[in-house]
Amino acid sequence: MSDYDVIVIGAGNGGLTAACSLAQKGVKTLLLERHNVPGGCATSFRRGRFEFEVALHQLSGLGTTDKPGPLYHLLSKLGVVDNLEWVTMENLYRLLVPGKLDITLRADRESAIATLQENFPAEKENIQAFFDLVYKFSFELLSTYRDAEPTPDNYPTYFKYALQTTQQILDEYFTDPLLKQTIAVYWGYMGLPPSRLTFADMAMLLFVYLELKPGHIKGGSQALSTAILDRYLECGGHVRFNCGVKKILVEDNNITGVVTEGEETIKAPYVVSNASTLSVYTELIDPEHVPEEQLKMLGGSTIGPSSFTLFIGLDCEPGVVGITETTNFIGGIPDMDKVFATFRQLDYDDDYVLLSCYNISDPDASPPGTSQIAIVDLKYAEPWLELPPDQYYDKKYEIADKLLDRVESLFPGFKDHIEEIEVATPLTHMRYLHTPGGAIYGFDQFAKDSNLFVSPRSPIKGLYFAGAWAGSGGFQPTLSSGAAAARQIMKNFREQTEVGR
Ligand SMILES: Cc1cc2nc3c(=O)[nH]c(=O)nc-3n(C[C@H](O)[C@H](O)[C@H](O)COP(=O)(O)OP(=O)(O)OC[C@H]3O[C@@H](n4cnc5c(N)ncnc54)[C@H](O)[C@@H]3O)c2cc1C
């Protein structure tokens, strides 16, 4: 006799959406989370009078009131959309390449093209042609979702470009490396440079942000996580915090339940794991139950980057130190492969960093007269894991100082206005997120590990995955993945009922 129909392990974006979608359908669901708050990456923490956003910089897919996007529809179905206040960003980003370029692009196709053409007049025609391709490709890609048998005759642009790399297309259209860097600067949101990132990923990222505008949430991503949890509880779902799962039980290739870190056995025929596939197959399930092909698949995947992150509260409004945009990329060198190689170094003088100032789009992001800033410098965990423990703190603060000096050179007075600061290394992200290597997007986002090719369903009957490790990282993909896992379980329930008739 089972205690629950489904147990969901982990209350990150994927786990919360899966649990809420199932509870809404009347499925008896238990959500188990190791941490004491919901959200995983999608959370916040307090220092002094600031509540710092951990992860969300630019939400994709939400859209605007007159043009709602797929994420809006998903959250609407979950019943949380009206409980949250949304913030729309009018600009995509400002890119600062010291001594070379300072450009701000609006989240609007015509305006972004015009600004790029003004700054790079020699490539005017190519800029227009490139964005025409991005749009044509994206429309075809979206149409394939509604087509049971998409063919190259019907979707020639999609089939021609989908698996080419972003770099191939940038090289086909442009000559100026600075222009390529400007157009592809969002590659950091996927963690792979254009030479390794599919054009499909980059095209959709540009298309979605240009068409639906980047967004944010009043109260940050914690407000979203809390809203989904509240809705889940309202639908009759059960949750336990401070309750890690240490074992997933399997008998004859069927899920039978879990064992918690408190040694309690809870029975259920279905488990959705928001914990990584790596932890599930190498730690949570006894080796004799792990299908050989899953281990082979894992062997072909590599753990993605984490981040060196600074969370900063300024005692002044952003304008006092010259910050005028929410999203600022600071890029030293245009060679994006070289930049990617620096992800494996502890630090580098010209690191490519993202500086977000939430108050520009949402004045309530911190107390009146202050600013909330996050600086993200993508890094793999390895160099930090290799660092002798007695050097950890010195190195962490040395790198933080170096980054602050860089920011100071672009925004004079910044350092003098710091009221609160917290520094997180990949090891900090490992500790709080419990992801392998502190990875923030799951595995390196190669096409083979994306939602295009990865199923949320395991060969072990009753086991499903949701979240960054079961496809793509980032907010929109992980929230969608939870809903997808829930849909598959509901389909399975229906099939079982039909067989039972
Ligand atoms: C600094 C930073 C910046 C980012 N910037 C952006 C951005 O601008 N835009 C964007 O879209 N994305 C961004 N991301 C990435 C995005 O936040 C993540 O990809 C996404 O939130 C991951 O969601 P998830 O569903 O995979 O779950 P996770 O957030 O990984 O949560 C998984 C949960 O499972 C729990 N868990 C794990 N194992 C167990 C166990 N055995 N038992 C019980 N519980 C367990 C964990 O405690 C955790 O709460 C950023 C992330 C970080 C950290």
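The following exercises, each with a worked solution, concern a predicted model.

**Exercise 1. Domains and their contact**

Determine which residue ranges make up each domain, and describe the contact of domain 2 with domain 3.

*Solution.*
1. The domain assignment gives domain 1 as 6-67 + 220-301 + 441-500, domain 2 as 106-212 and domain 3 as 305-433.
2. Between the C-alpha centres of domain 2 and domain 3 the distance is 28 Å.
3. Domain 2 supplies 11 residues to the contact, and domain 3 supplies 11 residues.
4. On the side of domain 2 that touches domain 3, seven residues are nonpolar and four are polar, while no charged residues occur there.

**Exercise 2. The seven-stranded sheet**

State the strand order of the seven-stranded open sheet and identify which strands stand at its edges.

*Solution.*
1. The order is E9-E8-E17-E18-E19-E16-E20, and the pairing is mixed.
2. Strand E9 (101-106) and strand E20 (418-424) each have a single partner strand, so each has one side without a neighbour in the sheet; these are the edge strands.
3. On average, and with direction ignored, neighbouring strands of this sheet are turned by 15° against each other.
4. Within the sheet, strand E16 (residues 306-314) pairs with strand E19 (residues 371-379) over nine bridges, in the antiparallel sense.
5. Opposite Phe308 stands Asp377 in E19.
6. Helix H15 (residues 426-433) lies across E16, E19 and E20, and its direction makes an angle of about 90° with E16.

**Exercise 3. The three-stranded sheet**

Give the order, the pairing and the edge strands of the three-stranded open sheet.

*Solution.*
1. The three strands follow the order E12-E13-E14, with antiparallel pairing.
2. E12 and strand E14 (265-267) pair on one side only, and are therefore the edge strands.
3. Neighbouring strands here are turned by 30° against each other on average, direction ignored.
4. Six bridges join E12 to strand E13 (residues 254-260) in the antiparallel sense.
5. Leu249 faces Gly257 in E13 across this pairing.

**Exercise 4. The nonpolar core and Val271**

Find which residues touch the most other members of the largest nonpolar core, and list the contacts of Val271 beyond four places in sequence.

*Solution.*
1. The core holds 148 residues, of which Val6, Ile7 and Val271 touch the most other members.
2. Helix H8 (residues 199-212) contributes the largest share of this core, namely 11 residues.
3. With neighbours within four places in sequence left aside, Val271 is in contact with Ile7, Ile9, Ile248, Ile255, Val258, Gly462 and Leu463.

**Exercise 5. The surroundings of Val280**

Is Val280 buried or exposed, and which residues does it touch beyond four places in sequence?

*Solution.*
1. Val280 belongs to helix H10 (residues 277-284).
2. A residue is buried if 20 or more other C-beta atoms lie within 10 Å of its own.
3. Val280 has 24 C-beta neighbours inside 10 Å, so Val280 counts as buried.
4. Not counting residues up to four places away in sequence, Val280 touches Ile248, Ser273, Ala275 and Ile285.
5. Val280 and Lys246 are 34 residues apart along the chain, and their C-alpha atoms are separated by 9.4 Å.

**Exercise 6. Positive phi in two loops, and Arg34**

Locate Asn242 and His434, give the phi of Asn242 and of His434, and describe the contacts of Arg34.

*Solution.*
1. Most residues other than glycine have a negative phi.
2. Asn242, in contrast, has a positive phi near 50°.
3. Asn242 is found in the loop between strand E11 (238-240) and strand E12 (245-251).
4. Because 11 other C-beta atoms lie within 10 Å, Asn242 is exposed.
5. The phi of His434 is also positive, near 60°.
6. His434 is in the loop between H15 and strand E21 (463-465).
7. His434 counts as partly exposed, with 17 C-beta neighbours inside 10 Å.
8. Arg34 is part of the loop between strand E2 (29-32) and strand E3 (44-47).
9. With 19 other C-beta atoms within 10 Å, Arg34 is partly exposed.
10. Arg34 touches Cys243, Gly244 and His434, residues up to four places away in sequence not being counted.
11. Although Arg34 and His434 are 400 residues apart along the chain, their C-alpha atoms are separated by 9.1 Å.

How values were computed: Residues are numbered from 1 along each chain as its sequence is written. This is a predicted model: local features need pLDDT of at least 70, side-chain atom pairs count only at pLDDT 80 or more; totals for chains, interfaces and linings use all residues. A nonpolar core is a set of buried Ala, Val, Leu, Ile, Met, Phe, Trp, Tyr and Cys residues joined through C-beta atoms within 7 Å. A residue is buried if 20 or more other C-beta atoms lie within 10 Å of its own, exposed if 12 or fewer, and partly exposed in between; C-beta atoms are placed from the backbone. Helices (H or I, at least four residues) and strands (E, at least two) are DSSP runs, numbered from the N terminus. Two residues are in contact if their C-beta atoms, placed from the backbone, lie within 7 Å. Two strands pair if DSSP finds at least two bridges between them. Axes are lines fitted to C-alpha atoms, for helices over the stretch in contact, and angles run from 0 to 180 degrees between N-to-C directions. Domain bounds come from an automatic or database domain assignment. Ala, Val, Leu, Ile, Met, Phe, Trp, Tyr, Cys and Pro count as nonpolar, Asp, Glu, Lys and Arg as charged, and the others, Gly among them, as polar.
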